[in-house]
Amino acid sequence: MSKLLIEGQRKLRGEVRVQGAKNSALPILAATILCGDESVLHNCPCLSDIDVCVEILRYLGCRVSRHGHTLVTDSRPMTGDEIPTSLMRQMRSSIIFLGAILARCGRAYLSFPGGCELGPRPIDLHLDALRKLGAEITEHHGRICCSAPSGLCGASVALAFPSVGATENIMIAASLAKGTTIITNAAREPEIVDLADYLNKCGACVSGAGEGTVIIEGVGSLHGTSHTIIPDRIVAATLMSAAAVTGSEILLRDVIPSHLGSVIPVFEEAGCQVDTQGGRINISAPQRLRSFRMVRTTPYPGFPTDAQAPVMAMATVAKGTTVFVENIFENRYKHVEELKRLGANVSAEGRVAVVEGVGELFSAPVQAWDLRGSAALVVAALCAQGVTEMDTTSFLQRGYEDLDVTLRDLGAVVKKI
Ligand code: UD1
C-alpha cells in the first residue's frame with residue numbers, strides 16, 4: 001500500500017491539462033457493449049476504476065486495448081451475460097452494465113455493486129426503471145437475475161430523484177428497446193450529455209440529454225464509432241482548490257468552464273480571480289481566502305457533491321465561517337475528522353458541516369476513506385505547515401490520474417512511497 005508525503009506551504013505555478021472525466025468514461029465503456037462493433041474512445045483517463053471496467057468488458061468476452069489515453073473496445077466477440085461478485089464489488093458504476101448487458105443479451109446476472117462508502121447507495125431506481133422497460137428481475141442472495149425474454153419495450157419512466165446512474169442505465173437499455181422511452185426528472189449532468197453524444201454517434205436516437213426530460217427512440221442496432229471523453233470537472237475543481245489554498249496562480253487547460261458554472265462563483269467569493277477563455281481557466285488566489293456563503297450540494301446544475309470535500313479543505317483556511325449542506329449522500333463527511341487532525345475547525349452533524357476558518361493548518365498523519373475525501377486531504381496538506389503523511393492512496397487512483405505527478409509539475413513537493 002502506498003502513502004503520499006506532502007510538504008505544505010509551497011506555491012504552485014504553471015499550466016496543467018485536465019484529464020478526461022471518469023464519470024463519462026465509465027458509462028460509455030459499458031455502452032460499447034451495445035454496438036457489437038469497435039469503438040475508439042479518446043481521452044480515457046488511466047485510473048483504477050477504468051481498469052475494473054476494462055476487466056469487466058474482457059470478462060464478458062470483449063476485446064479491449066489501451067494506447068495511451070485511447071481505449072479501443074471490440075464487443076463483437078462478447079459472449080458473457082454475467083459479472084462475478086468480485087468485480088461488481090470493486091466499484092459502484094459496475095451497475096451501469098446491467099442495462100447494457102440486458103439490452104445486448106436479453107438477460108443479465110449481476111450482484112449489488114460496491115464503491116466508496118458514502119452512506120446507503122440503493123439501486124431501486126435502476127431496477128424499477130428496467131422493470132418498466134419490460135425486464136423481469138429477481139434477487140437471490142445478493143445476486144440480481146434480470147431477463148427480458150421478449151425484448152425491452154420503451155416506456156415512460158419518472159425518476160423520484162434525478163439519479164445519474166439510473167438515467168444512464170435507462171438511456172443505454174432504451175437505445176435498443178422497441179419504441180420510445182421518456183425519462184422525466186432525468187439527471188442533467190454533463191456526463192449524461194456525453195453518453196448521449198456517444199450513443200447518437202453509434203446510431204441511437206437520444207434527445208433532450210442535459211434537460212429534465214430525455215427521449216430515447218429505440219433502434220434495431222448500433223454500430224461502432226470514435227468519441228472523445230469530456231474533461232473532468234471534478235478534477236478541475238480539485239486543482240482550483242489546490243491553487244486557492246496555496247495562494248497560487250495556475251492555468252487549467254482542456255477544461256469546459258461552463259461545466260463549472262456553480263463552482264467558479266464559490267472561488268470568486270473566496271477572493272480568487274477566475275478568468276475563463278475557451279477551454280482554459282486561469283485562477284489566481286489571494287494571500288488569505290475569505291469564507292463563502294453556504295455551499296449546498298444539489299444535482300447538476302447545482303454545486304456537485306463530488307467537489308464538496310476539496311472545497312471544504314479550502315474553507316478550513318478561509319477567514320470566517322462557511323456552512324456546507326450535503327444533500328446528495330448521507331455520509332459524505334468522513335474527511336472532516338481527518339481535516340481536524342490537521343488543525344481545521346469543523347463540526348459536522350447529519351447533512352450540515354460548519355467550518356470556522358483557521359489561520360494555518362499543521363501537518364499530521366491522515367487516513368483517506370474515500371475518493372473525494374482523499375482529494376480534500378491532499379488540498380489541505382498542500383497548505384499545512386510541515387510534511388503530511390497520507391495513507392491509502394488507492395482511493396485517489398480511482399479518480400485522479402497520477403495526482404502526485406500533476407502537483408509536482410506545478411511545483412508542489414509531493415512524494416509517493
Ligand atoms: C454518480 C457519480 C458520483 C456522484 C453522483 C452524484 C458516476 C460514476 N458517479 O454516482 O461521482 O457523486 O453521481 O452526482 O457517475 N439513489 C437511490 N436509488 C437509486 C440510485 C440512487 O436512492 O437507485 C440515491 C443515492 O443513494 C444518492 C442519490 O440518489 O443518495 C444520488 O445517486 P446517483 O445520482 O445515482 O449517483 P451515482 O450514479 O451512484
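Let me start with the ligand, which in this predicted model has 19 residues around it, and of those Asp124, Leu125, Ser163, Asp306 and Ile328 come nearest. Sorted by class, the shell around the ligand comprises 8 nonpolar, 6 polar and 5 charged residues.

As for the polar contacts, I will go through three that involve an oxygen atom of the ligand. One such pair joins a ligand oxygen to an N or O atom in the side chain of aspartate 306, at 2.6 Å, and another has a ligand oxygen 2.7 Å from a polar backbone atom of leucine 125. In the third, a ligand oxygen is 3.0 Å from an N or O atom in the side chain of asparagine 23. The ligand on its own has 740 Å² of accessible area, and the protein covers 86% of that.

Where does the shell come from? Helix 5 (124–132), helix 6 (164–175) and helix 10 (305–315) each supply at least two of its residues, and helix 5 gives the most, with 3 residues. At the level of domains, both domain 1 (4–18 + 231–416) and domain 2 (22–228) give residues to the shell, so the ligand lies between them.

Let me finish with helix 6, whose N-terminal end is capped by serine 163, a side-chain oxygen of that serine lying 3.5 Å from the backbone nitrogen of glycine 165. Helix 6 has 12 residues and reaches 17 Å from its first C-alpha to its last, which is close to the 16 Å expected at 1.5 Å a residue. This helix is mostly covered, with 11 of its 12 residues buried, and among the buried ones are Gly165, Glu168, Asn169 and Met171.

Note on methods
Residues are numbered from 1 along each chain as its sequence is written. This is a predicted model: local features need pLDDT of at least 70, side-chain atom pairs count only at pLDDT 80 or more; totals for chains, interfaces and linings use all residues. Side-chain values use heavy atoms; hydrogens and water are left out. A residue is near a molecule or strand if one of its heavy atoms lies within 4 Å of it. A polar contact is a pair of N or O atoms within 3.5 Å; within protein, one must be able to donate a hydrogen and the other to accept it, and residues adjacent in sequence count only if both atoms are side-chain atoms. Accessible areas come from the Shrake-Rupley method with a 1.4 Å probe; for residues, only the protein chains shown count as cover. Helices (H or I, at least four residues) and strands (E, at least two) are DSSP runs, numbered from the N terminus. Ala, Val, Leu, Ile, Met, Phe, Trp, Tyr, Cys and Pro count as nonpolar, Asp, Glu, Lys and Arg as charged, and the others, Gly among them, as polar. Domain bounds come from an automatic or database domain assignment. The expected span of a helix is 1.5 Å times one less than its number of residues. Buried means under 20% relative accessible area, exposed over 50%, partly exposed in between (1.4 Å probe, protein chains only).
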